[in-house]
Amino acid sequence: MPEDVARERETPHEVSVVVPVYQGERTLEALADEIVPLTLSRTTPGGRRFRVAELVLVHDGAADGSAEVMKALGARHPFVRLVWLSRNYGQHPATLAGMASTVAEWVVTLDEDGQQDPRDLGRLLDEALEHRARLVYAQPTNPPPRGLLRNRLSALAKWVFVRVLGSGIGVFNSFRLIEGEVARGVAAYCGANVYLDVALSWVVGTARHCPVALRMERGRPSGYTLRRLLHHFWQLVLTSGTRPLRFIAFLGGISIVFGVLISAFVVWQRLQHKIPVQGWTSMIIVTCLFAGLILVSLGIIAEYLGVAVSMALGKPAYLIVSRPTEDLGRRP
């Protein structure tokens with residue numbers, strides 16, 4: 001066996017696990033208990049040694065009693081690190097804050113609801129090391145237990161990201177393994193309102209995918225409403241580059257060609273067949289069509305300007321504080 005391979009198999013790879021917390025009152029303790037055995041040196045299915053160096057819990061302005069559960073876990077387990085945000089920023093900014101606070105060679109991001117099994121971490125690490133990949137996504141082998149409509153909308157959003165917006169990292173998932181330097185670099189330089197997986201696609205050319213099985217949620221309802229899901233999708237589109245703007249320019253060109261053809265057809269009908277041009281109905285239809293296209297185009301351009309202005313004004317993606325909002329006014 002080559003010396004570098006032997007050294008790789010003897011020295012454990014250290015992993016930081018990042019979990020954004022919003023409704024984790026009933027799930028965090030079970031998740032921490034699953035990670036406890038992983039803090040000891042273990043072997044991946046491919047024979048590589050690894051261990052979880054830290055579990056970073058990021059309090060994202062939680063809507064339940066997650067803060068007290070986090071404090072209890074921090075007092076009980078030395079490997080648990082607590083990160084408090086000044087308010088609710090959303091899952092992706094909270095994940096970025098956790099990634100910025102890590103110290104290990106690799107970073108894994110997990111959801112708090114228990115669907116993703118931390119024991120699959122070794123399989124993701126094997127995929128990364130075997131293929132020299134800086135980013136590995138879990139690829140669910142079974143449908144997420146979220147309902148047919150949400151699963152279909154999620155699949156559509158990912159298809160748009162890959163096929164329409166031209167992402168090179170493929171289908172994404174919130175269960176990710178990221179090289180530590182890449183994770184902390186993205187967290188340091190990512191601007192406000194930037195979709196996390198889009199930011200990763202900017203610095204990682206391609207990603208690997210590892211098949212895993214999802215579990216049922218641990219008795220916790222999803223915190224995502226349809227409105228929030230649509231907001232996430234729109235954020236994905238806006239931060240994926242200028243393709244939507246190019247699509248608007250393409251629609252404008254098609255509209256001009258369509259208008260020229262309609263005009264030529266009307267003139268030809270009038271000259272050849274002496275047919276009177278009945279203008280009111282067709283003119284109103286065409287006016288409404290093109291007015292709608294103009295308004296949609298202006299709306300998309302305004303959204304892009306809004307994102308650019310937020311970044312120019314220095315709007316932070318997140319802000320880490322020393323204690324949760326519930327503890328304000330209490331002496332340490």
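In this predicted model, helix α3, which spans residues 66-76, has Ser66, Ala67, Val69, Met70 and Leu73 as its buried residues. Viewed along the axis of α3, these buried residues fall within an arc of 160°, so they line one face of the helix. The protein as a whole comes to 11 helices and nine strands, and buried residues make up 43% of its 332 residues. The points below take up the helices, the strand pairing, the aromatic groups and some single residues in turn.

**Whole protein**

- Among the contacts in the protein with a separation of 6 or more, 83% are accounted for by residues that lie 24 or more positions apart.
- The protein exposes about 17800 Å², and carbon and sulfur atoms supply 62% of that area.

**Helices α3 and α7**

- The buried residues of α3 pack against two strands that also pair with each other, β3 (49-59) and β4 (80-85), and they pack as well against β1 (13-21) and α2 (28-35).
- In helix α7, which covers residues 180-189, the buried residues are Gly180, Val182, Ala183, Val186 and Ala187. Around the axis they cover an arc of only 170°, which puts them on the same side of α7.
- The face of α7 that is turned away from its buried side carries the exposed residues Glu181, Ala188 and Tyr189.
- The cover over the buried residues of α7 includes the helices α4 (91-100) and α8 (196-203), together with the strands β5 (106-109) and β7 (176-179).

**Strand pairing around β1, β3 and β4**

- Eight of the nine residues of β1 are buried, so this strand is largely enclosed by the rest of the structure.
- Strand β1 pairs with β3 in the parallel sense over nine bridges, and within this pairing glutamate 14 has arginine 51 in β3 as its bridge partner.
- Strand β1 also pairs with β5, again in the parallel sense, over four bridges, and here valine 18 stands opposite threonine 109 in β5.
- Strands β3 and β4 run parallel and are joined by five bridges, with leucine 82 in β4 serving as the bridge partner of leucine 57.
- Strand β4 is further joined to β9, which consists of residues 320-321, by two bridges in an antiparallel arrangement. In that arrangement, isoleucine 320 in β9 is the bridge partner of leucine 85.

**Aromatic groups**

- The structure holds one aromatic pair, in which the rings of phenylalanine 172 and tyrosine 195 have their centres 5.7 Å apart and their planes at 70°, so the pair is edge-to-face; the angle required for that class is over 60 degrees.
- Phenylalanine 172 lies in the loop between α6 (148-164) and β7, whereas tyrosine 195 lies in the loop between α7 and α8, so the pair ties together parts that are 23 residues apart in sequence.
- Both partners fall under the 20% cut-off for burial, since phenylalanine 172 has a relative accessibility of 7% and tyrosine 195 has a relative accessible area of 8%.
- Apart from this pair, arginine 87 lies over the face of tyrosine 89, at 4.0 Å from the ring centre.

**Residues in and after helix α5**

- Leucine 129 has its place in helix α5 and, with a relative accessibility of 8%, counts as buried.
- The C-alpha atom of leucine 129 is separated by 9.7 Å from that of glycine 46, although the two residues are 83 residues apart along the chain.
- Arginine 132 is found in the loop between α5 (121-130) and β6 (135-140), and it has a positive phi of about 50° although it is not a glycine.
- In contrast to the buried leucine 129, arginine 132 counts as exposed, because its relative accessibility is 66% and the threshold for that label is over 50%.

Key:
Residues numbered from 1 in each chain as written. Predicted model: local features only at pLDDT ≥ 70, side-chain atom pairs only at ≥ 80, totals over all residues. Heavy atoms only, no water. Buried < 20%, exposed > 50% of the residue type's maximum accessible area, 1.4 Å probe, protein only. Arc of directions from axis to C-beta. Contact = heavy atoms within 4.5 Å. Pairing = 2+ DSSP bridges. Phe/Tyr/Trp six-rings, centres within 6.5 Å; stacked < 30°, edge-to-face > 60°. Lys NZ or Arg CZ within 6 Å of the ring centre and 35° of its normal. Areas by Shrake-Rupley, 256 points an atom, 1.4 Å probe, with all protein chains shown as cover.
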